[in-house]
Amino acid sequence: DEDLAEFIGERFERSGREVGAALEPLLELTRGHPQRAMVAAHHVWERTGSGKAADEATWDAASAAMFTELEDSFERIWEDLSANERRVMAAIAWGGPRGGGASLYAKSTLERFRLSKGSARDVRAAARWTCES
């Protein structure tokens, strides 16, 4: 994150802008991924006037624009998933640190998302995507 912060800050400064308060949420969202960070920084930069510093409102507008831009591709990916793949994805998203906190294989998670332990395990093992649950 330090390298990305320095790189982004330098690029903003070269164009007479400051990344300002948008830097911390940008780094938090992109978690060190260079391509995601550059896309996010681009959206912040576009919304930061010359001689200005980005603020929380700038970040809010930039992140909203980013997710709007990605919405169609996210929807296509979701539509290509099987019913069980969708359930597992939803369960992982729900069970993470911001959600219910239960693991994918917890009885409460399996019941909530109408999954068997075997189905959840099989989908996760064969996933075309990765997860941290």
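The largest nonpolar core, a set of buried Ala, Val, Leu, Ile, Met, Phe, Trp, Tyr and Cys residues joined through side-chain atoms within 4.5 Å, has 17 residues in this predicted model, and I8, F12, L23, L26, L27, V44 and W59 have the most contacts inside it. Helices α1, α2, α3 and α4 each supply at least two residues of this core, helices being DSSP runs (H or I) of at least four residues, numbered from the N terminus. Because the model is predicted, local features need pLDDT of at least 70 and side-chain atom pairs count only at pLDDT 80 or more, while totals for chains, interfaces and linings use all residues. Residues are numbered from 1 along each chain as its sequence is written, and side-chain values use heavy atoms, with hydrogens and water left out.

**Cores**
- Not counting residues up to four places away in sequence, I8 touches V19, L23, L26, A37, M38 and A41, where contact means heavy atoms within 4.5 Å.
- Another core, of 9 residues, lies apart from the largest one and includes A91, L104, A120 and V123.

**Helix α2**
- In α2 (residues 23-30), L23, L26, L27 and T30 are buried, that is, under 20% relative accessible area with a 1.4 Å probe and protein chains only, whereas exposed means over 50% and partly exposed lies in between.
- These buried residues pack against α1 (2-14), α3 (34-46) and α4, while E24 and E28, on the other side of α2, are exposed.
- Just after α2, R31 takes a positive phi of about 45 degrees.
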